[in-house]
Amino acid sequence: AQAAISQDRTKLGGKVLRISLADGSPAQGNPFANATNPNERLVYTYGHRNVQGVAVRPGSGQIITAEHGPDKNDEINLIQAGANYGWDPSRGGTKGGYDENVPMTDLTRFPDAIPAKWESGDTTEAVCAATFLSGPQWGDLDGALVVTALKGAKVLLFKLDDKANVRSVAIPPEFDDKFGRLRAAQFGPDGALYVTTSDGSDDKLLRVTRS
């Protein structure tokens, strides 16, 4: 039964949920607001495997997520209200257990599923947090999407076009397996980027600025 959760809108697993911060009720304008099931009213998108990071793009309101694949194909996704992102380890309820030998975005089973804006291919990065850089202090990186990687032990910098298509991906050498596993990333009120390590001992909070 667990394998079918991502495609079952009455279950909360495998979803991006959108709720009111005031009382936890469904946020106004949710795509399934009129559903009979109260869980479904909270659902914004479904068909996810393991969303780790969520970021709102300054100036556009676009919602970008970083998501773990099974052992490959980590994803960066543009979130669209009511959309299916195509993860279904149950293969439509035909497989028992949890069959991870399925596409992250199964366009054969779900032709209307939303393809990823980026995927890691055969490399397992274990992408984690996501945030955007903002401000003139970042120069040509102003507006870049920052994504941390746990297994990949790096920071990935994505430059996106206005439709959130990936124009380029860069790995700053200062964060290419220099600090181990990287988890949180947060743009600070002082205009700096803050990143935490996740190695299990002697972890650090790193303050990052553009030199």
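In this predicted model, Ala153 is buried, with a relative accessible area of 6%. Ala153 lies in the loop that connects β8 (145-149) to β9. Its phi is positive, at about 55 degrees, although the residue is not a glycine. The loop belongs to the hairpin of β8 and β9, in which 4 residues separate the strands and Ala153 takes the positive phi. The strands of this hairpin pair in the antiparallel sense over 5 bridges. Within this pairing, Val146 stands opposite Leu157 in β9.

Strand β8 is largely enclosed by the rest of the structure, because 5 of its 5 residues are buried. Both of its faces are covered. Leu145, Val147 and Ala149 lie on one side, Val146 and Thr148 lie on the other, and all of these residues are buried. In a regular strand, side chains alternate between the two faces of the sheet. Besides its pairing with β9, β8 is joined to strand β7 (residues 127-132) by 4 bridges, and β7 and β8 run antiparallel. Here the bridge partner of Val127 is Ala149 in β8.

Lys178 is 25 residues from Ala153 along the chain, and the C-alpha atoms of the two residues are separated by 7.7 Å. Lys178 is located in the loop between β10 (166-170) and β11 (182-187). In contrast to Ala153, which is buried at 6%, Lys178 counts as exposed, at 55% relative accessibility. The side chain of Lys178 reaches the backbone oxygen of Pro173 at 3.2 Å.

A positive phi at a residue that is not a glycine also occurs at Asp202, where the angle is about 50 degrees. Asp202 is placed in the loop between β12 and β13. Asp202 is exposed, with a relative accessible area of 65%, whereas Ala153 is buried.

A further group of strands forms an open sheet of 4 strands in the order β3-β4-β5-β6, with antiparallel pairing. The edges of this sheet are β3 and β6, each of which has a single partner strand, so one side of each is left without a neighbour in the sheet. Strands β3 and β4 are joined by 5 bridges and run antiparallel, and Val56 stands opposite Ile63 in β4. Strand β4 (residues 63-67) in turn pairs with β5 in the antiparallel sense over 5 bridges. In this pairing Thr65 stands opposite Asn77 in β5. The pairing of β5 with strand β6 (residues 118-119) is antiparallel and consists of 2 bridges. Glu75 stands opposite Glu119 in β6.

Strand β5 (residues 75-79) is mostly covered, with 5 of its 5 residues buried. Glu75, Asn77 and Ile79 point one way from the strand, while Ile76 and Leu78 point the other way. The buried set therefore includes the charged residue Glu75, since Glu counts as charged and Glu75 is buried.

Two pockets were examined. The largest pocket has a volume of about 300 Å³. Its lining comprises 16 residues, of which the closest to the pocket centre are Pro172, Glu174, Phe175, Val208 and Thr209. Strands β9 (154-160), β12 (193-197) and β13 (205-208) each supply at least two residues of this lining. The largest share, 3 residues, comes from β13. By class, the lining has 11 nonpolar, 2 polar and 3 charged residues.

The second largest pocket has a volume of about 160 Å³. Val16, Leu17, Arg18, Ile19, Leu21, Tyr44, Val54, Val56 and Ile63 line it. At least two of the lining residues come from each of β1 (15-17) and β3 (51-56). The lining divides into 8 nonpolar residues, no polar residues and 1 charged residue. Val56 and Ile63, both part of this lining, are also the residues that stand opposite each other in the pairing of β3 with β4.

For residues 5-206, an unreviewed UniProt entry lists "domain: Glucose/Sorbosone dehydrogenase". Over this range the chain is 0% helix and 30% strand, and the end C-alpha atoms are 37 Å apart.

Note on methods
Residues are numbered from 1 along each chain as its sequence is written. This is a predicted model: local features need pLDDT of at least 70, side-chain atom pairs count only at pLDDT 80 or more; totals for chains, interfaces and linings use all residues. Side-chain values use heavy atoms; hydrogens and water are left out. UniProt positions are given in the numbering used here, feature names are shortened, and annotations may be inferred rather than shown by experiment. On a 1 Å grid over the protein atoms alone, a cavity is a set of points where a 1.4 Å probe fits but cannot get out, and a pocket is an open set with protein on both sides within 12 Å along at least five of seven lines; lining residues have an atom within 4 Å of a point. Grid points are joined across faces, edges and corners, and a volume is the space filled by probe spheres set on the points. Buried means under 20% relative accessible area, exposed over 50%, partly exposed in between (1.4 Å probe, protein chains only). Two strands pair if DSSP finds at least two bridges between them. A polar contact is a pair of N or O atoms within 3.5 Å; within protein, one must be able to donate a hydrogen and the other to accept it, and residues adjacent in sequence count only if both atoms are side-chain atoms.
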